[in-house]
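Visitor: I should like a close look at a single part of this protein. Please describe how one helix packs against its neighbours, and then place that part in its wider setting.

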Amino acid sequence: MLGSPFAPSPLLPTQLESYYSAHHGWLAHWLQRRLGNAAEAADLMQDTFARLLAGAPMQPQTPALRAPKAYLATVAKHLLLNHLRRQSLERAWLDALAALPEHHVPSAEQRAEILQALQAVDAILDGLKPKVRAVFIMAQIEGYAYAEIAALLGMGERSVKRYMAEALTECVLQAPDRTA
């Protein structure tokens, strides 16, 4: 209940500053060990704290306060995995570009737009349930027919169609509005 004397109050800015001071050092070191790059580690550490601050007001029962290292490490791990996946996607894109004949290489602007689109698709796919993602990738990227997907994944063709509909709906919902 809002305004209740029994409801825990959100942390004050000085408490947030204290929280940051207490945890930013080990988190930066944890990320740097995994990335091998201090600048990237600092960026991800800041993103981790930004996620924390963007969430609901922290109260004493909030996981971030009950087990701060575990909470921050979990948030940072998810951000790190997304970062590494984006890097892998970018490397694969650059490798594909390097294999193109010179007259087929897109302009720098086109390359940036394509990479941005690939990252957007990757983010959408990452948000799908594993079975939905698998069906979508098998159908749209690998070119399997629904019957083949059903056989390979041990499910009915009706389930494959339902998962594809779910994936396509999510793609449409996440697509940027190009009418503006």
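Guide: Let us begin with the packing of helix α5, whose buried residues rest against α4 (68-99), α6 and α8 (157-174). The model is a predicted one. Within α5, the residues that count as buried are Leu115, Asp122, Ile124 and Leu125. The helix itself covers residues 108-126, which gives it 19 residues. From its first C-alpha to its last, α5 reaches 27 Å, close to the 27 Å expected at 1.5 Å a residue.

One of the partners of α5 is α6, and this helix can be followed further. Helix α6 (residues 130-141) meets another of those partners, α8: the axes of the two come within 8 Å and cross at roughly 90 degrees. Because angles of 65 to 115 degrees count as roughly perpendicular, α6 is described as roughly perpendicular to α8. On the α6 side, the residues in contact are Lys131, Val132, Val135, Phe136, Ala139 and Gln140. On the α8 side, they are Val160, Tyr163, Met164, Glu166, Ala167, Leu168 and Cys171. Sorted by class, this contact holds ten nonpolar residues, one polar residue and two charged residues.

Helix α6 also meets helix α7 (residues 146-153), and here the axes come within 10 Å and cross at roughly 135 degrees. An angle of that kind makes α6 oblique to α7. The crossing of α6 and α7 is right-handed. From α6, Ala134, Val135, Met138 and Ala139 take part in the contact, while α7 supplies Tyr146, Ile149, Leu152 and Leu153. The residues of this contact comprise eight nonpolar, no polar and no charged. Val135 and Ala139 of α6 are named in the contact with α7, and they are named in the contact with α8 as well.

The remaining partner of α5 to consider is α4. Helix α4 has 32 residues and reaches 46 Å from its first C-alpha to its last, close to the 46 Å expected at 1.5 Å a residue. Its buried residues are Pro68, Leu72, Ala73, Val75, Ala76, Leu79, Leu80, His83, Trp93 and Leu97.

Several of these α4 residues lead on to helix α1 (residues 13-35), where His23 is located. His23 has a relative accessible area of 12% and is therefore buried, since the cut-off for that class is under 20%. Leaving aside residues up to four places away in sequence, His23 touches Phe49, Pro68, Lys69 and Leu72. Leu31 is also found in α1. Its relative accessibility is 0%, so Leu31 counts as buried. With the same kind of sequence neighbours left aside, up to four places away, Leu31 touches Ala41, Leu44, Met45, Ala76 and Leu80. Leu31 and Ala76 are 45 residues apart along the chain, yet their C-alpha atoms are separated by 7.7 Å.

The wider setting can now be stated. The protein has eight helices and zero strands, so that the order of elements from the N terminus on is α-α-α-α-α-α-α-α. Of its 180 residues, 25% are buried. Among contacts between residues at least 6 apart in sequence, 58% join residues at least 24 apart; the contact of Leu31 with Ala76 joins residues 45 apart along the chain.

Note on methods: Residues are numbered from 1 along each chain as its sequence is written. This is a predicted model: local features need pLDDT of at least 70, side-chain atom pairs count only at pLDDT 80 or more; totals for chains, interfaces and linings use all residues. Side-chain values use heavy atoms; hydrogens and water are left out. Axes are lines fitted to C-alpha atoms, for helices over the stretch in contact, and angles run from 0 to 180 degrees between N-to-C directions. Helices (H or I, at least four residues) and strands (E, at least two) are DSSP runs, numbered from the N terminus. Angles under 35 degrees count as roughly parallel, over 145 as roughly antiparallel, 65 to 115 as roughly perpendicular and the rest as oblique. A crossing is left-handed if the near helix is turned anticlockwise from the far one by less than a right angle, and right-handed if clockwise. Contact means heavy atoms within 4.5 Å. Ala, Val, Leu, Ile, Met, Phe, Trp, Tyr, Cys and Pro count as nonpolar, Asp, Glu, Lys and Arg as charged, and the others, Gly among them, as polar. The expected span of a helix is 1.5 Å times one less than its number of residues. Buried means under 20% relative accessible area, exposed over 50%, partly exposed in between (1.4 Å probe, protein chains only).
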